[in-house]
Each structure stands twice: as C-alpha cells, then as structure tokens.
Amino acid sequence: MIETPPKSASTTWVSLSAAAVMACISLPGHAVILTATADIKGCTDASISGRATLREEMTDEGIKEVTIHLKVEGLSDGKHAVHIHETAACEPCGAAKGHHDPGPFGQTRPDSAGDTVPATDINHPYHMGDLINIEVKRGRGSMRHTSNRMTLSAGRLTLFDGDGSSFIIHTNEDTYCDQESDLKKGCAGGSRDACGIIKAD
Ligand SMILES: [Cu+2]
C-alpha cells in the first residue's frame, strides 16, 4: 500500500517551494545579461599584471548596470587613475586613445532645445564620467565600481562599439579635474602604466 503523505506536509512543501521561487525572483539586480574580461598588462613594465571582470545586470527597475572588478599587481603604491578608453588597442598604450564617451561634447542640457526628430543636440545619456582611482598597497590593488553609464549589450552606451574599448591605468591619481585649480595637464592621471582590451566572455 502506498502511503499518502499527510495533506499538511504536502501543503508545507508547496509553500516552501513557492517561497524559494519568490526569493529568487525578488533578489534585486541579479539578472546577469553579459560578462566581459580584460587582461591588464604593463605598458612598458612587464612585472605589472592584472585582470578586470565586467558584469552587466538588469536592476529591478529595468536599468542596465555594469559592475567592474579590477585587480592589479606591480604598480607603485598609491592611487592610480582608471578609465575606460575609446579603442580596443594597447600596443602601444597610446593606441587606446581618449576616454570612452561617445556623445557630442559640451551638451549639458538634459535634452533637445528643439522639436526635430531625431535631435542631434542631445548628449544624454552620454555624460558617462570616468571611473574611480585604484589604490595600491604593497604592490597590490583592487577596485570595484558600478555604473549605469555604460553597457556590454548593444546600444548607444555600449563598450563594444565599432572600435571597442580598453582599460587604462595611469601613473598618478585622478584629481577628477574637479576644482578650477585642478584644470591642468595631468589632472586625469598623467602617463599610462597599464592597459587591457575589454573582451566579451
Ligand atoms: Cu585615462
């Protein structure tokens, strides 16, 4: 004779399963869309090495966010500027060109001044900003940064545009060129110590 489980036990199991499913669904920002990686190498110093991982997730609100986790060894102790540069090229490190920011320069207005569609004077959402400094202690540094100013998936903010993108780690810290007195050559970190081309996994 097959024993039928008591109704209350079955009901409990169903309730727990539903709770587990609900818990998975309700976890915030955990829908991973795409991941990417960059192997970091010294521009001239072969003892510098590192790795960056990038993970694009969808928040509960439906916003794409990219979380960058960077680890590096061999840099001098102290703070170093980290940016995503506009070209997937590291040889030489200058080939990575300028900072990734695909919008038209100098448009701080939130949207168009006119009614033309498509408008050509909208910089939003290209006010991407730059990444934060990495701090190196006893030759090792790590940094984590989350941004909704870039995506790995296709779109106007993608890092995988026509010529790709790279990380550059600079010799000095980024002052973020924040104050009038900071607005001078080198305020974004100066020369380039390391580079890594961002590649989709
Ligand atoms: Cu830079």
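Val-136 stands opposite Gly-141 in strand 7. That is where I want to start today. Keep in mind that we are looking at a predicted model.

Val-136 has company here. Lys-137 stands opposite Arg-140, again in strand 7. Strand 6 covers residues 134–137, and strand 7 covers residues 140–147. Three bridges join these two strands, and they run antiparallel.

What happens at the turn? Two residues lie between the strands of this hairpin, and one of them, Arg-138, takes a positive phi near 50°. Note that Arg-138 is not a glycine. Is Arg-138 buried or exposed? Arg-138 is exposed, because just 7 other C-beta atoms lie within 10 Å, and the cut-off for exposed is 12 or fewer.

Now to another partner of strand 7. Eight bridges join strand 7 to strand 3, which is residues 64–73. This pair is antiparallel too. Look at Ile-68: its bridge partner in strand 7 is His-145.

Let's zoom out to the sheet. Nine strands form it, and the sheet is open. In what order do the strands stand? Read across: 4-6-7-3-2-1-9-8-5, with antiparallel pairing. As a reminder, strands of a sheet pair through backbone hydrogen bonds. At the edges stand strand 4, residues 78–80, and strand 5, residues 82–85. Each has a single partner strand, so one side of each is left without a neighbour in the sheet. Neighbouring strands are turned by 20° against each other on average, direction ignored.

What else is there besides the nine strands? One helix. Going from the N terminus, the helix comes before the strands: α-β-β-β-β-β-β-β-β-β.

Next, contacts. Take those with a separation of 6 or more. Residues 24 or more positions apart account for 64% of these contacts.

On to the inside. The protein has 201 residues, and 25% of them count as buried. In soluble globular proteins, nonpolar side chains tend to be buried together. Here the largest nonpolar core holds 32 residues. Which members touch the most others? They are Val-72, Phe-167, Ile-169, Ala-194 and Cys-195. Several elements give two or more residues to this core, among them strand 1 (31–42), strand 2 (49–58), strand 8 (166–170) and strand 9 (192–200). Strand 3, strand 5 and strand 6 do so as well.

Pick out Ala-194. Leave aside its neighbours within four places in sequence. Its contacts then include Ile-40, Cys-43, Ile-48 and Gly-50. Val-72, Leu-75 and Ile-169 are in contact with Ala-194 too.

Last stop: the loops. Where do we find cis peptide bonds? One joins Glu-91 and Pro-92, with omega about -10°. Another runs from Val-117 to Pro-118, with omega near 0°. Pro-92 sits in the loop between strand 5 and strand 6. Pro-118 has its place in the loop between strand 5 and strand 6 as well.

Finally, Cys-177. This residue lies in the loop between strand 8 and strand 9. Its phi is positive, about 45°, although Cys-177 is not a glycine. With 14 other C-beta atoms within 10 Å, Cys-177 is partly exposed. Arg-138, by contrast, counts as exposed.

Notes
Residues numbered from 1 in each chain as written. Predicted model: local features only at pLDDT ≥ 70, side-chain atom pairs only at ≥ 80, totals over all residues. Pairing = 2+ DSSP bridges. Helix = DSSP H or I, 4+ residues; strand = E, 2+ residues; numbered from the N terminus. Axes fitted to C-alpha atoms, helices over the stretch in contact; angles between N-to-C directions. Core = buried A, V, L, I, M, F, W, Y, C linked by C-beta atoms within 7 Å. Buried ≥ 20, exposed ≤ 12 C-beta atoms within 10 Å, placed from the backbone. Contact = placed C-beta atoms within 7 Å.
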